[in-house]
Every structure is written in C-alpha cells, then in structure tokens.
Amino acid sequence: MRTHRTAALVAAGLVALVLAAPAWAQGFKDLEKQVVEKKLPNGLTLILLPRHTAPVISMITYANVGSVDEQVGGTGLAHIFEHMAFKGTHVIGTTDYAKEQKAILKEDDAFLALRAERLKQNPDPEKLKTLEEALKNAEEESEKFVTSNEFSEIVDREGGQGLNAFTSFDQTVYMYSLPSNKLELWATLEADRFTNPVLREFYKEKNVIMEERRMGESQPQGRLFNDFFPVIYQAHPYRSNTIGWESDLKGITKAQAQNWFKTHYGASNLTCVIVGDVDPATALPVLEKTLGGIPAGQKPEPVITVEPPQRGERTISIDDPSQPFVIIGYHRPAATSPDDAVYDAISDVLGGGRSSWLYKSLVKEKQIAVAVGCNATVEAQKYPAIFLFYAVPNKGKTNAECEAAVYEQIERLKNEPVSADELAGIKARAKAKFIDSVKSNMGLAMGLAFAQNIQGDWRDEFRWLDKIDRVTAADIQRVAKETFTKQNRTVGAIETTSGQKPEQK
C-alpha cells in the first residue's frame, strides 16, 4: 500500500531525513543485491533479505486474495478466514480433536437448519427461536474442547512481537516478529495453519464480525463510505465493503469458508517474506521442509470484471444530525500505472498537511473547513482505484462551499504548474516518508510483499525512489486534467438534519 508515502512529516524530522536521504537511499538500493527469491516446488514464493542489525526476524505471509475476489452472497469471506487462521489446527487449539469434530458437525447441522428456516419466504418466528437455541447449545458443546488463543499464546511464549493480520480489498496479510533462532517454529506454525486449519468457533466469530460491522456503521462517516462505494463502482467488486454485507455474513456457511480456503490459500497464491537476522543458506532447507508441505492448489484467476467508464457525475447524500462531511472520488488507474508516483505527488501538493493548497485555502484563508485533504488511493490498488478528497465544513459553513473550494484548487492545479521549489518539496517529503517506512524490518518486509503481488515484482520496491525523481510539473498537470473531470466524479455527503439520530439496523 502506498498511501503512507504521501503523508507529510513533522518539519524537524523531515529536515533530518531529507539530509540523510541520499546516503541512506544508496544503502537501501544496495539491499536489493542481498535479496534471495526462491519459488518452492509447490508454488509458494519465498523472499529473504538478511539484515543482521539485531537477532530478530520479521515475517509476512501474504495471501494474494482480498474482498475483491468475493462473489455475490459471499461478501466478507476474506475477512472471515483471516479470523479463522488464528483459531488453530488439528493439534493447536483443541483438547480432543476427535470429540471436537463430532461436536462441530452437530453445530454445523444446527446452523444449516436455522439458515434454511431464515431463507424461507415466511419463516416461522417460533421455529426460529427453537433453532437459534439449538445452535447456541451446539456451540456450547463444541466449545468444551476448545483451547482459546493457543496459537497466539505459543507465539507470545517464544518471544513473538506484533502478531497481527489484516484484510483489505486486494490482500490478506499475516505478520509477526520472533527471535531469529525461532525461524523453524514460525515456518512450522505457518505450514500447519495453512494446511490444516480448523474452522472452530465459526458461528461465534461471525457474530463478532457482524458486531464489528454494526460498530462501523454506528458512525455517520462509516455509513457514508458504505453507501459511497456501490455508487462510484457499479460493476467492479471494489463496490463491496471488505467486512461484508450483514445478510451475507449471517448466511455464509462453513462449507463456503472451507471452499474459500481451498480456492485461495494454495501455496501458489502465497508469498512469505522474511527480513532480519536470517542466513538464506541455512534457512532455505528448513523453509522447504516446512512451507513446502502446503498443498500447491491452483493459482486463482484475476478478477475479470472491468468497471465501465463513468458517463456523468454521480451523487449520494445521507441525512444525519451529525456534523456535515463531504467526499469526492475520481476513478484512477491501478498501482501498476506509470503515473502511480504522479498521483502521490498530486496528493501531496493538494492535501499533504498544513502547507498543502487545500489546507491553506479552505482552512487558513477562507476558514470554511476545519479539516480537508486527499488520498491518492483508498486501500484498493491491484485494479483501477479511486482518488479521494474530503472536507469537514467549519461551523456555519456548508458542504457545497467546501466542495466548490476543492474544485477551485483542482482547477488551479490543472492550469498553474507547481513551482520548482514545490516540486522539490514534494519529492523530498515522498522520499523521506518512504525511506522511513522501510527502515524497520517489518516495514521492508511489507513493502517487498506488496511489490511482489501488486506490482508483480518485489524489485519494484527498490525502484520507487527513481519513480519519484522522474515526476515533473507537466506530469502533474497532465494527470490532473485527465482524472479530475466532472464526468469522472462521484460526490458523497452527510447533510446535517435536526431531530433524533436514526435507528441503526
């Protein structure tokens, strides 16, 4: 993900980083020569980068699958399986796997009976209560054999740090760091959970995820974004929220989740990156023995649906007693576009902190907004994405005033080339932020994993500084004129109303 590159740094830190950047950048490029890439016979891609500054290794397991790969009726599956990957295996997370399996089968039968009644045109309320109680009882029975959080407890006990995961539109990523002498432990744990996952506490965890969704929608801005994406995207799967639609989450079966795993978690769709105190010569045999045992699977096809060109401006608004808020989105190319760095430069000049054109105009001079900014992309990067502007009107000001002022600065960018000093500042900030992001082992591991799967080659991570250098003022004007047109625009707004806050369902 490249959104982190465009944020402005604190002035003092920026000066220090920029002064140090040329020497550090050369050292960063020298790291490229030390990267070892190996594709195992099962199709899994290994990327190792030795950095012997401390006896620690940071590891990423990158599954090249996200919510963009979901189908109608199955939104939320990518995120559900991310949760399931921490629930354990045949040997981790259970006190008696054989007995647990029998209890889980009864649990599944109870859910399927409940689901069948829910799907009827006129479900029987009393029967629903009975079936819900039966599922609850079955869950309680299977939970008797569960050792909760055993996976994370093993990692913590062995000195692990930063155990986490996330799901976005394009990927599902698992990460943590360990002492370097625990490499085989990490590889063994990863091989086990991506070969023998047990979807225990499945229905309980779905309820947790549905509560996450409800919490997100309890905020007006969260509701606006949920409504905004299906408007700006009419065909492409980016239109669906990563967490999934509640009706899908409620109806998704364990069989669907198991099929998701079989389809998208074959070794051929996984990349493992290790950065830190690792010796490739001794590590590779260990990794081949462990990770090489993950079934290969078939490499899934990419998404074939292409978002059609937008024919005219689209708008959406929601009424709410909260503070007004406006977002403006424009379609833009994927991260593989030659203009990717140009979009980051535009994001910096227009919305990169207090020195940006938008902040100086809307907040400082006109005082019509209390916050304003933009993002070169919002999570999605593998396929054509969106460039997003946002503004929070000041007291007594309106979304319309902020919207007009944003367009004024966009038109200024189209017609007024950024100065040489501004362009130098854009590049300095981008380089400093990028270099800072890859100073840590985990940051560099993440960058290599993203480059391998989004750009198609981990080497692209080392080319980013050159891409920044090649951006010109003419590029910025050209891309702004191509992208920021009324026809290509979608506007979403929260319009403040009086009265009670609407009930959330």
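Contact here means heavy atoms within 4.5 Å. The structure described is a predicted model, and the chain averages a pLDDT of 92, with 93% of the residues scoring at least 70. Two stretches fall short of this. Over residues 1–21 the pLDDT is below 50, although this stretch has 43 contacts in the model beyond near neighbours in sequence. Over residues 500–505 the pLDDT likewise stays under 50, and the model has 11 contacts for them beyond four places in sequence. Where pLDDT is low, the predicted coordinates should not be read in detail.

One open sheet consists of 6 strands in the order β1-β2-β6-β3-β5-β4, and its pairing is mixed. Strands β1 (36–39) and β4 (161–167) stand at the edges with a single partner strand each, so one side of each is left without a neighbour in the sheet. From one strand to the next, the twist averages 15°. At the β1 edge, β1 and strand β2 (residues 45–50) run antiparallel and are joined by 4 bridges. Within this pair, Glu37 stands opposite Ile47 in β2. Towards the other edge, helix α2 lies across β4 and β5 (172–179), and α2 runs at about 155° to β4.

Helix α2 (residues 77–84) also meets helix α7 (residues 202–217); their axes come within 10 Å and cross at roughly 125°. The two helices are therefore oblique to each other, and α2 passes α7 in a right-handed crossing. On the α2 side, the contact involves His79, Ile80, His83 and Met84, which meet Phe202, Glu205, Lys206, Ile209 and Glu212 in α7. By class, these residues divide into 4 nonpolar, 2 polar and 3 charged.

A second helix pair is formed by α3 (residues 97–118) and α4 (residues 125–143), whose axes come within 8 Å and cross at roughly 165°. Angles over 145 degrees count as roughly antiparallel, and α3 and α4 are therefore roughly antiparallel to each other. Their crossing is left-handed. The α3 residues in the contact are Glu100, Ala103, Ile104, Lys106, Glu107, Ala110, Phe111, Ala113, Leu114, Glu117 and Arg118, while α4 contributes Lys127, Leu128, Leu131, Glu132, Ala134, Leu135, Ala138, Glu139, Glu141 and Ser142. The contact of α3 with α4 has 11 nonpolar, 1 polar and 9 charged residues.

Another open sheet is built from 5 strands in the order β7-β11-β8-β10-β9, again with mixed pairing. Its edge strands are β7 (314–320) and β9 (369–375), each of which pairs on one side only. Direction ignored, neighbouring strands of this sheet are turned by 10° against each other on average. Strand β7 runs parallel to strand β11 (residues 489–496), and 7 bridges join the two. Asp319 stands opposite Glu495 in β11.

Two helices are associated with this sheet. Helix α8 (residues 220–232) lies across β7, β8 (325–332), β10 (385–393) and β11, and runs at about 160° to β7. Helix α14 (residues 399–415) packs on the sheet and touches β8, β9, β10 and β11. The direction of α14 makes about 35° with that of β8.

Conventions: Residues numbered from 1 in each chain as written. Predicted model: local features only at pLDDT ≥ 70, side-chain atom pairs only at ≥ 80, totals over all residues. Heavy atoms only, no water. Axes fitted to C-alpha atoms, helices over the stretch in contact; angles between N-to-C directions. Parallel < 35°, antiparallel > 145°, perpendicular 65-115°, else oblique. Left-handed = near helix turned anticlockwise from the far one by under 90°. Nonpolar A, V, L, I, M, F, W, Y, C, P; charged D, E, K, R; others polar. Pairing = 2+ DSSP bridges. pLDDT = per-residue confidence, 0-100.
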